[in-house]
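The exercises below ask for quantities that can be computed from atomic coordinates. Work each one before reading its solution.

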Amino acid sequence: MKLTEFSLILTGVLLNAIAQLLLKAGANTIGHFEFQPSNILPIGWKLATNPYIFGGLSCYAISVVVWILALSRVEVSIAYPMLSIGYVVNALAAWWLFGEAVSAMRLVGIGVIIVGVCLVARS
């Protein structure tokens, strides 16, 4: 895999991971809400005007464009498994930013993912 191809894949994956983290930050600021007809407009407005939610959706949109560029250059059987890098990034960032637990079992799983991505990238 060429550096340009890997860069496109990694950029797409990181944008997707950032989108998830921004959406989580937005959800944290809005808080828990009930799914009721009376909540549709007030919660919809909070979601639509939340800068974290907007940023997360923007990152998703950009990541789709970058991902299409990557897929135009790399076989999907190689590119798609690279999305697993996002699991690693999100687990570590959620621990750092949101104080989420990263148990020993999760760390082992992250290690397995990293080994798998390396094997796919080298094939």
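**Exercise 1. Classify cysteine 118 as buried, partly exposed or exposed, then place it in the fold.**

Solution. The model is predicted. Step one is the relative accessibility of cysteine 118, which is 42%. Step two applies the cut-offs: buried is under 20%, exposed is over 50%, and partly exposed is in between. Cysteine 118 therefore counts as partly exposed. Step three is its place in the chain, which is helix H6, residues 104-122. Step four is a distance: the C-alpha atoms of cysteine 118 and methionine 82 are separated by 9.0 Å, with their positions 36 residues apart along the chain.

**Exercise 2. Repeat the classification for cysteine 59, and state how many disulfides a search of the whole structure finds.**

Solution. Cysteine 59 has a relative accessibility of 13%. The cut-off for buried is under 20%, so cysteine 59 counts as buried. The search of the whole structure for disulfides returns zero.

**Exercise 3. Describe the protein chain as a whole: its elements, its extent and its surface.**

Solution. Start with secondary structure: the protein chain has six helices and zero strands. Read from the N terminus, the order of elements is α-α-α-α-α-α. Next comes extent: along the principal axes, the C-alpha atoms fill a box of roughly 55 × 35 × 20 Å. The accessible surface is about 8,100 Å², and 72% of this belongs to carbon and sulfur atoms. Of the 123 residues, 28% are buried. For contacts with a separation of 6 or more, 81% join residues 24 or more positions apart. Last, charge: there are 6 positive and 4 negative side chains, and the centres of the two sets lie 5 Å apart.

**Exercise 4. Which residues of the largest nonpolar core touch the most other members, and which helices supply the core?**

Solution. The core has 15 residues, and those touching the most other members are Ile9, Val13, Trp67, Val74, Ala79, Met82 and Ile85. At least two core residues come from each of helix H1 (3-30), helix H3 (51-71) and helix H4 (76-79). H1 gives the most, with five residues. As background, nonpolar side chains in soluble globular proteins tend to be buried together. Now take one member and list its partners. With neighbours within four places in sequence left aside, tryptophan 67 is in contact with Ile9, Val13, Ala79, Tyr80 and Leu83.

**Exercise 5. Tyrosine 87 and alanine 94 both need a burial class; find it for each.**

Solution. Begin with location: tyrosine 87 lies in helix H5, residues 85-98, and alanine 94 lies in helix H5 too. Tyrosine 87 has a relative accessible area of 56%, so it is exposed. Alanine 94 has a relative accessible area of 8%, so it is buried.

Then consider distances. Tyrosine 87 is 9.8 Å from glycine 109, C-alpha to C-alpha, at a sequence separation of 22 residues. Alanine 94 is 9.8 Å from glutamine 20 by the C-alpha atoms, at a sequence separation of 74 residues. Finally, the contacts of alanine 94 beyond four places in sequence are Leu21, Gly99 and Glu100.

**Exercise 6. Where is glycine 31 found, and what is its burial class?**

Solution. Glycine 31 sits in the loop between H1 and helix H2 (40-49). Its relative accessible area is 28%, so glycine 31 is partly exposed. For a distance, take serine 103, which is 72 residues from glycine 31 along the chain; the two C-alpha atoms are separated by 25 Å.

Definitions and conventions
Residues are numbered from 1 along each chain as its sequence is written. This is a predicted model: local features need pLDDT of at least 70, side-chain atom pairs count only at pLDDT 80 or more; totals for chains, interfaces and linings use all residues. Side-chain values use heavy atoms; hydrogens and water are left out. A nonpolar core is a set of buried Ala, Val, Leu, Ile, Met, Phe, Trp, Tyr and Cys residues joined through side-chain atoms within 4.5 Å. Buried means under 20% relative accessible area, exposed over 50%, partly exposed in between (1.4 Å probe, protein chains only). Helices (H or I, at least four residues) and strands (E, at least two) are DSSP runs, numbered from the N terminus. Contact means heavy atoms within 4.5 Å. Accessible areas come from the Shrake-Rupley method with a 1.4 Å probe; for residues, only the protein chains shown count as cover. Lys and Arg count as positive and Asp and Glu as negative; His and the chain ends are not counted. The place of a charge is taken as NZ of Lys, CZ of Arg, CG of Asp or CD of Glu. A disulfide is a pair of cysteine sulfur atoms within 2.5 Å.
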